[in-house]
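User: I'm new to this structure and would like a close look at one part of it, the salt bridges, and then at how they sit in the rest of the chain. Could you walk me through that in one go?

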Amino acid sequence: MNSVATPGVELLVLCVVLVGAAAVVYRLAHLESAVIVPAAALRAVLQLSAVALVLAAALREVWSWIGVLLVMFVAAVFTAAGRARAGRSGAWLSVAVGLGFGAVLPAMITSGVVPLDGVAVVPIGGIILGGTMTATSLAARRSLDGLRDRMGEVEAALSLGFTPRDARLEIIRSTASDALLPGVDQARTAGLVTLPGAFVGVLVASGSPVQAAAVQVVVLLGLLLAQSCAVAVTMELVARGCVRRTGS
């Protein structure tokens, strides 16, 4: 079977065309600065190139791929805190990301479904961690935005005898739960609208659609659990005032 996306001139030309086209769309539609696209693309190339070189050596030893996962975890927490604009209080989001991630990956490994091998653990762990990070950042950002925009309702609830935690939860519960919609929609439409990354990766590597489907099912169900745990914890952290908007 021929490999996909083999490094070469064709790949380089295609990448340049895709980035250029996206930048043009940004410009014509008056979205954010068109520079965002090539900057993000360059960062992706540099990061993935570095990761490829590191993983080539790191995945052979348990301690090394655990280190890789730790670096990924720290980056996920920083990204979630930055997206939420939570400042130093965003460090609390490590609890949400950690519990979501920890609820899934250890179960996959101890069950034997995912072998204790860096080649398997790091890619699967990266997918779970990425989904958990996205749900956490969305939940935190939407929750904090909701508290800012509906502060009058919070104060009204307090005047009725609600505790600060319960008053905040009344506002953020519906908005934070929106962070779960991308994961739920991905699970609902898998195979109908999209072929998710794990499915494509295993299919290309093994050529077995059945094995690819099995891996993707495990990943999607794991993401549902990880994201629901992360969003629930994020809501609690915001409601208790542990995570708050910078300057508030």
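Analyst: Let's start with Asp149, which forms a salt bridge with Arg148, the closest N and O atoms being 2.9 Å apart. A salt bridge here is a side-chain nitrogen of Lys or Arg within 4 Å of a carboxyl oxygen of Asp or Glu. Asp149 counts as exposed, at 54% relative accessibility. For that label, exposed is over 50% relative accessible area, buried is under 20%, and partly exposed is in between, with a 1.4 Å probe and protein chains only.

Before going further, a word on what you're looking at: this is a predicted model, where local features need pLDDT of at least 70, side-chain atom pairs count only at pLDDT 80 or more, and totals for chains, interfaces and linings use all residues. Residues are numbered from 1 along each chain as its sequence is written, and side-chain values use heavy atoms, with hydrogens and water left out.

Back to Asp149 and Arg148: both belong to a network of salt bridges that also takes in Arg85, Asp145 and Arg245. Asp145 is found in helix H6. Helices are DSSP runs (H or I, at least four residues), strands are E runs of at least two, and both are numbered from the N terminus. Unlike Asp149, which is exposed, Asp145 is buried, with a relative accessible area of 16%. Leaving aside neighbours within four places in sequence, Asp145 is in contact with Arg85 and Arg245, contact meaning heavy atoms within 4.5 Å.

Now for two pairs outside that list. Glu153 and Arg150 meet through their side chains in a salt bridge, at 2.8 Å from N to O. Glu153 is partly exposed at 42%, and Arg150 is partly exposed as well, at 28%. The other pair is Arg165 and Glu236, with their closest N and O atoms 2.6 Å apart in a salt bridge. Arg165 lies in helix H8 (residues 164–177) and Glu236 in helix H11 (residues 209–239), so this pair ties together parts that are 71 residues apart in sequence. Arg165 has a relative accessible area of 29% and is partly exposed, while Glu236 is partly exposed at 23%. By the salt-bridge rule, the count comes to nine.

What about the nonpolar side of things? A nonpolar core is a set of buried Ala, Val, Leu, Ile, Met, Phe, Trp, Tyr and Cys residues joined through side-chain atoms within 4.5 Å. The largest one has 27 residues, and Leu93, Ile172 and Val243 touch the most other members. Helices H3 (62–84), H4 (93–102), H6 (118–149), H7 (151–159), H8 and H11 each give two or more residues to this core. H11 gives the most, with six residues. So H8 and H11, the two helices that Arg165 and Glu236 tie together, both turn up here too.

Take Leu93 for a closer view. Not counting residues up to four places away in sequence, Leu93 touches Ala80, Ala81, Ala84, Thr136, Ala140, Thr234, Leu237 and Val243. Apart from this core lies another, of 19 residues, including Phe101, Val104, Val121 and Ile124.

Just before H4, Ala91 lies in the loop between H3 and H4. Ala91 counts as partly exposed, at 47% relative accessibility. Ala91 and Ala80 are 11 residues apart in sequence and 9.2 Å apart in space, C-alpha to C-alpha.

Helix H6, where we met Asp145, also holds Gly118. Gly118 is buried, at 0% relative accessibility. From C-alpha to C-alpha, Gly118 and Glu61 are 7.5 Å apart in space, with their positions 57 residues apart in sequence.

Finally, let's step back to the chain. It has 11 helices and zero strands. Buried residues make up 31% of its 248 residues. Among contacts with a separation of 6 or more, 70% come from residues 24 or more positions apart. A search of the whole structure finds zero disulfides, a disulfide being a pair of cysteine sulfur atoms within 2.5 Å. As for the cysteines, Cys15 is partly exposed at 36%, and Cys229 is partly exposed at 24%.
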